[in-house]
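Grab a pencil and work through these exercises with the model open beside you. Each task comes with a solution that goes step by step.

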Amino acid sequence: MAIEWKQIGREKFERIVEALLYRTYSFNSEVRAVDGRGGDSGIDFLVKQGQRLRIFQLKYFPEGFSSE
């Protein structure tokens, strides 16, 4: 099943990415949305694996973005 990224909207995009993060990392890590939703200071999700910390910042650009 393909996802029509241009048509799903920002909220659904964030929910899908959140589900992917939980599915990918939650079996051996702590996955946490910063401030519940929307993040803070460019951080939307934190994934802590022992001493390792991964930071995710979500960006939704349905029309893409310029490489200029």
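## Exercise 1: The sheet

Task: work out how the strands of this predicted model pair, and in what order they lie in the sheet.

Solution.

Step 1. Start with β1 and β2 (residues 45–49): they pair in the antiparallel sense, with four bridges between them.

Step 2. Now read off the partners across that pairing. Glu 30 sits opposite Lys 48 in β2, Val 31 has Val 47 as its bridge partner in β2, and Arg 32 stands opposite Leu 46 in β2.

Step 3. Move on to the next pair. β2 and β3 also run antiparallel, joined by five bridges. Here Leu 46 has Ile 55 as its bridge partner in β3, while Val 47 faces Arg 54 in β3.

Step 4. Look at how β2 gets to β3: the two form a hairpin with two residues between them. Gly 50, in the turn, has a positive phi of about 60 degrees.

Step 5. Put it together. You get an open sheet of three strands, ordered β1-β2-β3, with antiparallel pairing. β1 and β3 (52–56) are the edge strands, each pairing on one side only. From one strand to the next, the twist averages 15 degrees.

## Exercise 2: The two faces of β1

Task: which residues of β1 are on its covered face, and which on its uncovered one?

Solution.

Step 1. Recall the general pattern: in a regular strand, side chains alternate between the two faces of the sheet.

Step 2. Sort the residues. Val 31 and Ala 33 make up the covered face of β1, and Glu 30 and Arg 32 the uncovered one.

Step 3. Check one residue from the covered face. Val 31, which lies in strand β1, has a relative accessibility of 11% and therefore counts as buried, the cut-off being under 20%.

Step 4. See what surrounds Val 31. Leaving aside neighbours within four places in sequence, its contacts are Leu 21, Tyr 22, Tyr 25, Ser 26, Phe 45, Leu 46 and Val 47. Take Phe 45 from that list: Val 31 and Phe 45 are 14 residues apart in sequence, yet their C-alpha atoms are 7.1 Å apart in space.

## Exercise 3: The nonpolar core

Task: which residues form the largest nonpolar core, and which element gives the most to it?

Solution.

Step 1. List the members. The largest nonpolar core has 10 residues: Ile 8, Phe 13, Val 17, Leu 21, Tyr 25, Val 31, Ala 33, Phe 45, Val 47 and Leu 58.

Step 2. Assign them to elements. α1, β1 and β2 each give two or more residues to this core, and α1 gives the most, with four.

Step 3. Zoom in on one member. Phe 45, not counting residues up to four places away in sequence, touches Glu 18, Leu 21, Tyr 22, Val 31, Arg 32, Ala 33, Val 34, Arg 54, Ile 55, Phe 56 and Leu 58.

## Exercise 4: A serine in a loop

Task: is Ser 29 buried or exposed, and what does it touch?

Solution.

Step 1. Find the spot: Ser 29 is in the loop between α1 (9–25) and β1 (30–33).

Step 2. Check the accessibility. Ser 29 has a relative accessible area of 15%, so it falls under the 20% cut-off and is buried.

Step 3. Collect the contacts. The side chains of Ser 29 and Asn 28 are joined by a polar contact of 3.0 Å. Not counting residues up to four places away in sequence, Ser 29 touches Val 47, Lys 48 and Gln 49.

## Exercise 5: The whole chain

Task: sum up the fold and its overall numbers.

Solution.

Step 1. Count the elements: one helix and three strands, running α-β-β-β from the N terminus on.

Step 2. Look at burial and surface. The protein has 68 residues, of which 24% count as buried. About 5500 Å² is exposed, and carbon and sulfur atoms supply 50% of that.

Step 3. Finish with the contacts. Among those between residues at least 6 apart in sequence, 27% join residues at least 24 apart.

Conventions
Residues are numbered from 1 along each chain as its sequence is written. This is a predicted model: local features need pLDDT of at least 70, side-chain atom pairs count only at pLDDT 80 or more; totals for chains, interfaces and linings use all residues. Side-chain values use heavy atoms; hydrogens and water are left out. Buried means under 20% relative accessible area, exposed over 50%, partly exposed in between (1.4 Å probe, protein chains only). A polar contact is a pair of N or O atoms within 3.5 Å; within protein, one must be able to donate a hydrogen and the other to accept it, and residues adjacent in sequence count only if both atoms are side-chain atoms. Contact means heavy atoms within 4.5 Å. Two strands pair if DSSP finds at least two bridges between them. Axes are lines fitted to C-alpha atoms, for helices over the stretch in contact, and angles run from 0 to 180 degrees between N-to-C directions. Accessible areas come from the Shrake-Rupley method with a 1.4 Å probe; for residues, only the protein chains shown count as cover. A nonpolar core is a set of buried Ala, Val, Leu, Ile, Met, Phe, Trp, Tyr and Cys residues joined through side-chain atoms within 4.5 Å.
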